[in-house]
Structures are given as structure tokens and as C-alpha cells.
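Trainee: I should like a close look at a single part of this model, namely the cysteines and the strand surroundings in which they are found. Please set out the reasoning step by step.

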Amino acid sequence: MENSQLTLYYLPSCPYCRKVLHALDELGAKIPMKNIHENDEYRQELLKIGGKGQVPCLVINGRAMYESDEIVKWLRQNLKGV
């Protein structure tokens, strides 16, 4: 899986986002990340992609995935050794 096809929208203070960030750290994976608190353009992008401003949101090839457990599961299945 190409990392360039992934983007994580997050907030550092969100416990569900921290769960996803921890999984990325465990996997040693680096993917593009956009903190929606730092930049309102990121929040607007997120709204356009998925229709809501919920984080964490992992965008995979233009599709939004929101639930932290599902995101962590997907990351572990698809980013091993990346």
C-alpha cells in the first residue's frame, strides 16, 4: 500500500486520535497527517471528503474511515513493515 494514498485527520487532544497515533508509532509507519485544530483548511477538506468533521478520520484513496478501532485494524492489516 502506498503511503501517499493515505491521510489521517486528527486532533492531538482527542483520545481516539491518540489511539490511532499510538498504533502508527507501534507500526513505525509514517503517513501524511493533518491536525484540524492547526489549520481550518484541513477541517474544510475533511468536511468535503466525508461530510462531517469527526476525527480521527483516515482517508484511504479518497474514502473516509472514522472509527478508531476500525482504523487501527486497517493499519495493522495493511501497513505491516511499511
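**Cysteines and the central sheet**

Mentor: In this predicted model, the cysteine sulfur closest to that of cysteine 17 belongs to cysteine 14, at 3.3 Å, which is too far for a bond. The cut-off for a disulfide is a sulfur pair within 2.5 Å, and by this rule the count comes to zero disulfides. Cysteine 57 is likewise in no disulfide, the nearest cysteine sulfur being that of cysteine 17, 9.7 Å away. As to accessibility, cysteine 17 counts as buried at 0% relative accessibility, and cysteine 57 is buried with a relative accessible area of 0%.

Cysteine 57 leads to strand β3, since β3 spans residues 57–60. Both faces of this strand are covered: Cys57 and Val59 are buried on one side, and Leu58 and Ile60 are buried on the other. Strand β3 pairs with β1 (residues 6–10) in the antiparallel sense, over four bridges. Within this pairing, tyrosine 9 stands opposite cysteine 57, and leucine 8 has leucine 58 as its bridge partner.

Strand β3 also runs antiparallel to β4, to which three bridges join it. Here isoleucine 60 stands opposite arginine 63 of β4. Two residues lie between the strands of this hairpin, and asparagine 61 takes a positive phi near 50°.

These pairings belong to an open sheet of four strands, ordered β2-β1-β3-β4, with mixed pairing. The edges are held by β2 (33–35) and β4 (63–65); each has a single partner strand, so one side of each is left without a neighbour in the sheet. On average, neighbouring strands of the sheet are turned by 25° against each other, direction ignored.

Helices complete the surroundings. Helix α1, residues 15–27, lies across β1 and β2 and runs at about 140° to β1. Helix α3 (residues 68–78) packs on the sheet, where it touches β1, β3 and β4, and its direction makes about 45° with that of β3.

Helix α2 (residues 40–50) may be described by its two ends. At the N-terminal end, asparagine 39 acts as the cap, with a side-chain oxygen 2.8 Å from the backbone nitrogen of glutamate 41. After α2 comes glycine 51, whose phi is positive, near 85°.

To return to the request: the rule gives zero disulfides, and cysteine 57 is buried in a strand whose two faces are both covered.

Definitions and conventions:
Residues are numbered from 1 along each chain as its sequence is written. This is a predicted model: local features need pLDDT of at least 70, side-chain atom pairs count only at pLDDT 80 or more; totals for chains, interfaces and linings use all residues. Side-chain values use heavy atoms; hydrogens and water are left out. Two strands pair if DSSP finds at least two bridges between them. Axes are lines fitted to C-alpha atoms, for helices over the stretch in contact, and angles run from 0 to 180 degrees between N-to-C directions. Contact means heavy atoms within 4.5 Å. A polar contact is a pair of N or O atoms within 3.5 Å; within protein, one must be able to donate a hydrogen and the other to accept it, and residues adjacent in sequence count only if both atoms are side-chain atoms. Buried means under 20% relative accessible area, exposed over 50%, partly exposed in between (1.4 Å probe, protein chains only).
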